[in-house]
Amino acid sequence: MTDGDEELAKDLGLLSALTIGVGTMIGAGIFVLPGQAAAAAGPAVALSFVIGGVISLFTALSASELGTAMPKAGGSYYYVNHALGPIFGSIAGWGNWMGLAFASAFYTLGFGEYLATFLPLPAVAIGPVSLTSFQIGALLAGVTFIGVNYVGAKETGGIQIIIVTLLVTILTLFSALGVMQADLSTLRPFFPTETGGATAVLPATGLVFVSFLGFAKITTVAEELKNPGRNLPLAVVGSVAIVTVMYAIIMVVLMGVINWRQLGPEFTTAPVLDVADVAFGAVGVAGIGVGLLTFAGLLATASSANASILASSRINFAMGRDKLITAKLNAIHPNFATPYRSIAVTGALILVFIVVGDVKRLAKAGSVLHLIVYGLLNLALLVMREADIESYQPEFRVPLYPVVPILGAVTSFGLIAFMEPIEIGLAFLFVGGGLVWYLAYASGKAEKKGILSQYILSRSEELPDVAVSAASSVQPDGGDYRVMVPLANPEREKDLITLASAIAKQRGGTVDAVHVVRVPDQTALAGAAEFADEIDSTSKELLTAAREDAGTFGVDVETHTIISHRRFEEIFDAAADHEADLVVMGWREDSHGVPGRIEGAIDELTEDLPCDFLVLRDRGFEPSKILVPTAGGPDSELSAEIARLLASEFDSEISLLHVADSQEEGEAFLSKWAADHGLEDATLRVETGDVEAAIEAVASESSMLIIGATEKGLLSRLVRGTLVLDVVDDVECSVVLAERARKRGLINRLVGK
C-alpha cells in the first residue's frame with residue numbers, strides 16, 4: 001500500500017530549465033578537469049570539448065523530440081523504457097542513477113579541492129583508509145548538499161538562475177582578460193607528439209564528456225516544464241551550444257596564458273586559479289581575480305552536485321511509477337515533503353564514491369554510463385518514429401531524420417571504446433546489475449510494454465521468428481490491473497471504493513483513488529499546489545478514508561491529489577496518464593455541472609474512452625441480487641464481467657434479462673449469451689413488450705442493476721430519448737452504468753455501432 005501523493009505541477013520556465021543544464025555543465029570542464037584534460041591531449045583538448053559538444057548535440061536533438069512528445073519525470077530513462085521496454089528501461093534507469101551518483105561525487109570532490117585552497121582541512125586516517133584534506137571538504141560538502149535536498153529548499157529554481165548568471169559573468173570577465181594576456185604560440189604544435197598526437201583527441205573526449213551531462217537533466221523535469229513543446233528544445237539544445245562555445249574559448253585562453261605542459265595535475269591542483277592570477281594581475285587585481293574564480297569554482301561544483309542529486313530523485317520517481325523499483329523509495333517525508341528515502345540512498349552512494357576519491361576514474365565511469373543511456377535514447381527515437389503510433393505527436397521534430405539519431409547512437413556507443421577497460425568494466429558492472437535486478441525483481445511487476453516489442457509482435461508474420469520470440473520474452477506479464485476511483489463526495493466514498501476494491505481484488509489488482517482539486521483559471525497550478533489543503537480541506541480526509549476502506553479488502557492502494565483547472569475532464573486525462581484499466585466514478589443528478597446527463601457528457605467529452613468505465617448511481621451498495629439486462633454488444637459484455645466479479649466476491653445471485661419480440665427466440669439468445677459469458681448459473685428472464693417497463697419490473701426484485709451505458713448510439717438517443725437514463729431515474733436500487741473502451745469513428749458513434 002502506498003501513501004498519497006500529489007502530481008507534479010508545471011512550474012518551471014525556460015530560464016529555469018536552461019540554467020539546470022548550463023549550471024550543471026559549466027562546472028566540471030572549467031574548474032575540475034582542465035589539468036587532467038591538458039595532460040591528455042595538449043592544446044587539441046579544445047577540439048575534444050567541441051567533439052563532445054557535437055556528440056551531445058545529436059542526443060540533445062533526439063531528447064528534445066522525445067521530451068515534447070512525452071514530457072514525463074524521468075527524462076531519458078522514461079523514453080527508453082517506453083520505447084524499448086522495461087529490460088532496457090531498467091538498464092537505462094540504473095545506469096542514469098549510478099551515473100549521476102558518480103558525477104555528483106566527482107563534482108563534490110572538485111568542490112573540496114577549491115575549498116582547500118583557502119580553508120585547509122587536516123588529512124584523516126580511518127583504519128586502512130586515508131582521506132586527503134580535499135576529500136574531507138568534499139564529504140562535508142556532500143553531507144550538506146544531501147541534507148539540503150533531504151529537508152527541501154524553497155525557490156531553488158531562483159537560486160539556480162542567480163548562480164548561473166554569476167558564473168557566466170565571472171567567466172566572461174575572466175576570458176576577456178585572459179585573451180589580452182594569451183600567447184597563441186603556446187598552442188603549437190596543436191597535436192603534440194608526447195600526448196600521442198591526433199590519436200589522443202578521442203580518449204580526451206571520453207575524459208571531458210562528463211562536462212556535458214547536464215543537458216539530459218533538463219528532460220528529467222520535463223513533466224514540470226511550462227510549454228514543453230517550445231521550452232524543452234530551446235533549453236536542451238541551447239544549453240549544449242552555450243557550454244560548448246564557452247569550454248572551447250576558455251580552454252584556449254587557459255593554454256594561451258600558461259603553457260599547457262604546466263597545467264597538468266603534477267604542477268597544480270587548480271589551473272584556473274593560476275591563470276586568473278596572471279590575467280587579473282595584469283590589471284593589478286590578482287587577489288580579487290583569484291578570489292572571484294575560487295568563488296566561481298565553489299558555486300559551479302556545488303551547483304553541479306546539487307543538480308545531479310535532484311535529477312537522481314526524479315529518475316527514482318519515474319522508475320517507482322513504472323514498478324521497476326519499489327515504490328517505497330518514492331515515499332514523501334511527512335514534514336519536508338521530499339522523496340527522502342531516494343535522496344538518502346543516493347546520498348550514501350555519493351559519500352562512498354567520495355571516499356574512493358579518484359576524480360578521473362569517477363568522471364569517466366559516469367561518462368560511460370551516460371553514453372550507454374544516450375545511445376539507447378537515440379534508438380528510442382528511431383523506434384518511436386518507425387512504429388508510427390497515433391499517440392506519438394511531438395511538437396518538435398529532429399531535423400535530418402534518421403541521420404541525427406543514427407549518428408547520436410553510433411557516436412555515443414563508439415566513444416565508449418576510447419575509455420580505459422577498468423572504467424568500462426565498472427560501468428558495465430552496474431548495467432549488468434540493472435539487468436539482473438529486472439529479471440529477479442521487476443519482471444513480474446512491471447506493467448509497461450515497450451513500443452518495440454508491440455511493434456515486432458504486431459508484425460509477427462513479416463519478421464524473423466527469432467525477433468518475435470525475443471519480443472515475446474521481454475514483455476511483462478501485464479502487472480496489476482488498475483481500478484481508478486475519482487472521489488469528490490465523502491458521503492459516496494465508501495460505496496465507490498467498495499465497488500472498486502471488490503473488482504481489483506478479484507483481478508489481483510490495485511485501487512488508484514484520485515481526488516481532483518479544481519482551481520479557477522486565473523490561479524496558476526504551481527501556486528495552487530502549495531495551498532492545496534486550504535483550497536480543498538476534504539482531500540486528505542477523503543483519500544485517508546479511501547485507503548482505510550480499500551485496505552479491508554487486502555488490495556494495494558494508491559492515492560493521488562491532482563490540481564487542475566478542470567474537474568470532470570481531468571478524470572479522463574488522469575485515467576490515461578495513470579494507465580487505468582477501469583474507472584469507477586459516482587453520479588447524481590447534478591454531477592459535473594451536467595444535470596442528469598452523465599452519459600451524454602461522457603460521449604461528448606471523448607471520442608475514445610481511455611479505458612472501461614463504470615458510473616455508479618448510488619442508492620446504497622447492496623450487490624446480493626444483481627440484474628443484468630442485455631441485448632448483446634460490448635457494453636453488455638462489460639456488465640456481465642462486472643456482475644461475475646461481484647458475485648465471486650459477495651456470493652451474489654445474478655439474473656439476466658433480455659427483452660425480445662418472441663419468447664422462443666429470446667430464450668435461445670439469452671441461453672447462448674449466458675454460456676458465452678460464464679454465467680450459466682444465472683437466472684434467465686425473457687420478457688416481451690416495452691423494454692423500459694420490463695427492466696423496471698424485474699429491477700424491483702433486485703438490489704443492483706448493471707446495464708450497458710451506450711447500447712444505443714448518440715444520434716438515436718437524441719432523436720428517441722435516452723433509454724438508459726430513464727431507467728436509472730425510475731428504479732429504486734443502485735445502478736451501475738458500464739461502458740467498454742473501444743475505438744469508434746464518428747459515423748459509428750452516431751449510429752451506435
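At 15% relative accessibility, Glu 641 falls among the buried residues, where buried means under 20% relative accessible area, exposed means over 50% and partly exposed is anything in between, using a 1.4 Å probe and protein chains only. This is a predicted model, in which local features need pLDDT of at least 70 and side-chain atom pairs count only at pLDDT 80 or more, while totals for chains, interfaces and linings use all residues. Residues are numbered from 1 along each chain as its sequence is written, and side-chain values use heavy atoms, with hydrogens and water left out.

Back to Glu 641: its side chain meets that of Arg 507 in a salt bridge, at 3.1 Å from N to O. A salt bridge here is a side-chain nitrogen of Lys or Arg within 4 Å of a carboxyl oxygen of Asp or Glu. The pair ties together distant parts of the chain, with Glu 641 in helix H25 and Arg 507 in the loop between H19 and strand S5 (510–518), 134 residues apart. Helices (H or I, at least four residues) and strands (E, at least two) are DSSP runs, numbered from the N terminus. Unlike the buried Glu 641, Arg 507 is partly exposed, with a relative accessible area of 38%. Salt bridges with shared partners join Arg 507, Asp 612, Glu 641 and Arg 740 into one network.

The whole structure turns up 14 salt bridges in a search. In general, side chains of opposite charge can pair when their charged atoms come close. Another of these pairs also involves H25: Glu 649 bridges to Lys 505, with the closest N and O atoms 3.4 Å apart. Glu 649 sits in helix H25 (residues 634–650) and Lys 505 in helix H19 (residues 490–506), so far as sequence goes 144 residues apart. Lys 505 is partly exposed, at 41% relative accessible area. Then there is the bridge between Lys 364 and Glu 423, at 3.4 Å from N to O. It links helix H14 (residues 359–387), home of Lys 364, to helix H16 (residues 421–442), home of Glu 423, and the two residues are 59 apart. Both Lys 364 and Glu 423 are buried.Stepping back to the chain as a whole, the protein has 30 helices and 13 strands. Of its 753 residues, 56% are buried. Contacts, meaning heavy atoms within 4.5 Å, also reach across the sequence: among those between residues at least 6 apart, 83% join residues at least 24 apart. Helix H8 offers a local example of cover, with 6 of its 8 residues buried. The buried residues in H8 are Val 201, Ala 204, Thr 205, Gly 206, Leu 207 and Val 208.

As for the outside, the protein chain exposes about 30100 Å², and carbon and sulfur atoms supply 59% of that area. Accessible areas come from the Shrake-Rupley method with a 1.4 Å probe, and for residues only the protein chains shown count as cover. Two surface patches are worth a look. Patches are made of residues with over 30% relative accessible area and no salt bridge, joining like charges within 9 Å, or nonpolar side chains (Val, Leu, Ile, Met, Phe, Trp, Tyr) within 5 Å. A nonpolar patch of about 360 Å² is built from Leu 47, Val 50, Val 54, Phe 190 and Phe 191. Leu 47 belongs to helix H3 (residues 45–69) and is partly exposed at 32% relative accessibility. A negative patch brings together Asp 661, Glu 664, Glu 665 and Glu 667. For charges, Lys and Arg count as positive and Asp and Glu as negative, with His and the chain ends not counted; the place of a charge is NZ of Lys, CZ of Arg, CG of Asp or CD of Glu. Glu 667 lies in helix H26 (residues 663–676) and, at 41% relative accessibility, is partly exposed.

The backbone has a few oddities too. Most residues other than glycine have a negative phi, and most peptide bonds are trans. Arg 188 and Pro 189, however, are joined by a cis peptide bond with omega about -5°, and Pro 189 sits in the loop between helix H7 (156–181) and helix H8 (201–208). The bond from Tyr 401 to Pro 402 is cis as well, with omega near 5°; Pro 402 is in the loop between H14 and helix H15 (403–416). Positive phi values turn up at Glu 579, near 55°, and at Asp 651, near 55°. Glu 579 is in the loop between helix H23 (568–577) and strand S7 (582–586) and is partly exposed, at 39% relative accessible area. Asp 651 is found in the loop between H25 and strand S10 (653–659), and at 67% relative accessibility it counts as exposed.
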